[in-house]
Structures are given as structure tokens and as C-alpha cells.
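Subject: The structure we talked about

Hi,

Here is the structure I promised to pass on. Have a look at it first, and then read my notes below with the model open next to them.

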Amino acid sequence: MRVYELRNVSYRYPTGEWALKGINMEVKRGETLAIVGPNGAGKTTLLKIMDALIMPTEGEVLFEGKPIREKTMTDREFRRKVGFLFQSPDVMLFSATVLDDVAFGPIHLWGRREGIERAVGALKLLGIEHLSGRHPYSLSGGEKKKASIAAVLSMDPEVLLLDEPTRDLDLKNRNFVIDMIRGWKAEGKTVVVVTHDLRLIRLADRVYVLDKSLLFEGTPKELFSRPELIERANLDVPEIVRLFHLLEIDEIPMSVEEAADIIKRWKRFNP
Ligand SMILES: Nc1ncnc2c1ncn2[C@@H]1O[C@H](COP(=O)(O)OP(=O)(O)OP(=O)(O)O)[C@@H](O)[C@H]1O
């Protein structure tokens, strides 16, 4: 079943700038979908439309088969199902303490006691329980990011819209977030992730390349066998992929391990 269906969606900001043009796309239940594209391509705008924060100028968005309307923005059921991690944690953190911030959504939905319980659980899971009493603005960039992830996590949404979830994080925390997304995927949650992070792209079942309009839809492997698209999306080409392009090997590996398998197979047939 489709979680989202976008029909001919365009969006123009009040400044007159068209951020999106004629987008037709779908998100299937349980899939991990990556959206990639250069700066200013409309990726964040697209996520905001999927989160019902803004309405398309043209076209229509269906969520679970029903059209998203202005009133969807404040619909409890929709808010419970869909979690949005903003690119900038500052947008999500506005209370006096980290705990208040993380508990805000769950208290609204489940009441004070359960809300706090869920918030503390999410802070523990992210290993930032010790920051509970701190003012969000006193946190480091990475800590803020983790606090905003905890705020999304505490709502236990079925659908996660993630805008650059690994940006601003060091290697250890990046790995943590990637493992977390892997876990959500295994649990059957639907994940839509805007990213430039190759490791996240590899995790996706499908990728869309966006530059105001959609340029490509396919698997990560198909994307990486199209150098012109990688350039258009302003993505780093993984070294291992570059090597396979240079050797004119058609099969493109998505990891060093996969590259080793391809080479071993090749050696077996060309001893
Ligand atoms: N509030 C706004 N008012 C006017 N124009 C905006 C607004 N927000 C974004 N835009 C413009 O719309 C276009 C798409 O912006 P958007 O943030 O969706 O791109 P993006 O792909 O997420 O970019 P990035 O990778 O830099 O985050 C850009 O040209 C941007 O300048």
C-alpha cells in the first residue's frame, strides 16, 4: 500500500520562486526512500509538503489514500503517524530544557505521565539523558541534533521524514543514526530521507534525484552507474565506484565487500 502519492505537485514561495515543478512520486509502506539533489533543489520543501506544513501551489498529495488538506496540519492522527526531523535542530528546540522539548509532543498526545516516560526513554536511547535539564541553546551542534532526534523518536511515528539526519554529527554519532535508521527499516517503518550521505543512500530501497523536478527514480546501484546524475545531484562519487567506472566494469559495487566479491568472481572466470 502507498503511504504517499504526489500528483503533479508544484510549489512556489511567496517570493515568486518555484521550488518544485510537476512532481509525481510515491512512497510505499515500509520502504526506505532517499531523496538527493543539489542545494536549493527543493528537497526540504518537498518534505514540508509531505508533513502537511505547507500546501502545494499546484497538484495534490495523498496520505494513505486521502488528500492532505490545510486541516491535516493539526490532525492528531496524522501528527501521531508522521515524524519530521528538521535539518536545523534550532527549529525543533524551543523550550527551557531538553526534557521539556522532547516531552512536548508525547505529552500532547498521551498526557503528562506517559509523555515524560516516553521522552526519558528516547533520551536514554540516544545516550543524552544527562542533558535533560540543560537549556537546548547551550548544547553543541551534535547534541542539539541528537535532542531533536529524541523528540521525533519519543513520538514513535510510523513514517519518518528525515532532513539530513547525519549532518553535524561526528563519525560515531553518524554511525549511530545510520544504525537507528537500519533498525527502523527492519521494524517496517517507512523512512523518507533527504541526504548527501552516501552510506544513507546505500541503505535506501529507492532513490529519487530532485532538482526542482524529478530527474531519476531507481535503486542506489542504478544511480551510481550514472555518473552524469551523480554530478547533477552534487554527490561525492565513492572511490570504489570511481575505480569500477575507470576499469569499465559494468557491475557497480555499493561497498568494499561487494567490490571484493565482484573481483573474486571475475578472477574465477579469468584465472
Ligand atoms: N521560505 C522561503 N521563502 C522563499 N524561498 C525559499 C524559502 N525556502 C526555500 N526557498 C527557496 O526555494 C528553493 C528550494 O529550497 P529548499 O530548502 O527546499 O532546497 P533544498 O534542496 O532543501 O536545499 P539544501 O540542500 O540547500 O538544504 C531554494 O531556491 C530556496 O532559496
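Let's start with one pair of residues: Leu 210 has Leu 214, in strand β10, as its bridge partner. One thing to keep in mind as you read is that this is a predicted model.

That pair belongs to two strands that run antiparallel, β9 and β10 (residues 213-218), joined by five bridges. Together β9 and β10 make a hairpin with one residue between the strands, and in this hairpin Lys 212 has a positive phi near 70 degrees. For background, most residues other than glycine have a negative phi.

Strand β9 (residues 206-211) also pairs with strand β3 (residues 32-36), this time in the parallel sense, over four bridges. If you want a spot to click on, Val 36 has Val 209 of β9 as its bridge partner.

There is another sheet to look at. It is an open one with four strands in the order β2-β1-β4-β5, and the pairing is antiparallel. Which strands stand at its edges? They are β2 (18-28) and β5 (66-67); each has a single partner strand, so one side of each has no neighbour in the sheet. The partner of β2 is strand β1 (residues 2-12), and these two pair in the antiparallel sense over seven bridges. One of the matched pairs is Arg 2 with Lys 28, the latter in β2.

Now the bigger picture. The domain assignment splits the protein chain into domain 1 (2-224) and domain 2 (238-271). Their C-alpha centres are 34 Å apart. Where they touch, five residues of domain 1 are in contact with four residues of domain 2. On the domain 1 side, α7 (198-203) and α8 (220-224) each supply at least two of the touching residues, and α8 gives the most, with three. Sorted by class, that side of domain 1 has three nonpolar residues, two charged ones and no polar ones.

Next, the inside. How many residues does the largest nonpolar core have? It has 72, and the residues with the most contacts inside it are Ala 34, Ile 35, Val 102, Ala 150, Leu 161 and Val 192. Helix α5 (residues 141-153) gives the largest share of this core, six residues. Both domain 1 (2-224) and domain 2 (238-271) give residues to the core, so it lies between them. As a general point, nonpolar side chains tend to be buried together in soluble globular proteins.

Ala 150 is a good residue to zoom in on. Setting aside its neighbours within four places in sequence, Ala 150 is in contact with Val 102, Ala 122, Leu 123, Leu 126 and Ile 128.

There is a ligand too. The residues around the ligand are Tyr 13, Thr 15, Glu 17, Ala 19, Gly 37, Asn 39, Gly 40, Ala 41, Gly 42, Lys 43, Thr 44 and Thr 45. By class, this shell has seven polar, three nonpolar and two charged residues. Helix α1 (residues 43-50) gives the most to the shell, with three residues.

Finally, a few loop residues I stopped at:

- Gly 133 sits in the loop between α4 (112-125) and α5. Is Gly 133 buried or exposed? Only 12 or fewer other C-beta atoms within 10 Å make a residue exposed, and Gly 133 has 10, so Gly 133 is exposed. Leaving out neighbours within four places in sequence, Gly 133 is in contact with Thr 97 and Leu 99. Its C-alpha atom is 6.1 Å from that of Val 98, although the two residues are 35 apart along the chain.
- Asn 234 is in the loop between α9 (227-232) and α10 (239-246). Asn 234 has a positive phi, near 60 degrees, and is not a glycine. With 13 C-beta neighbours inside 10 Å, Asn 234 counts as partly exposed.
- Glu 248 lies in the loop between α10 and α11 (256-269). Glu 248 is another non-glycine residue with a positive phi, near 55 degrees. Glu 248 counts as exposed, because it has 6 C-beta neighbours inside 10 Å.

Happy exploring!

Definitions and conventions: Residues are numbered from 1 along each chain as its sequence is written. This is a predicted model: local features need pLDDT of at least 70, side-chain atom pairs count only at pLDDT 80 or more; totals for chains, interfaces and linings use all residues. Domain bounds come from an automatic or database domain assignment. Two residues are in contact if their C-beta atoms, placed from the backbone, lie within 7 Å. Ala, Val, Leu, Ile, Met, Phe, Trp, Tyr, Cys and Pro count as nonpolar, Asp, Glu, Lys and Arg as charged, and the others, Gly among them, as polar. A nonpolar core is a set of buried Ala, Val, Leu, Ile, Met, Phe, Trp, Tyr and Cys residues joined through C-beta atoms within 7 Å. A residue is buried if 20 or more other C-beta atoms lie within 10 Å of its own, exposed if 12 or fewer, and partly exposed in between; C-beta atoms are placed from the backbone. A residue is near a molecule or strand if its C-beta atom, placed from the backbone, lies within 6 Å of it. Two strands pair if DSSP finds at least two bridges between them.
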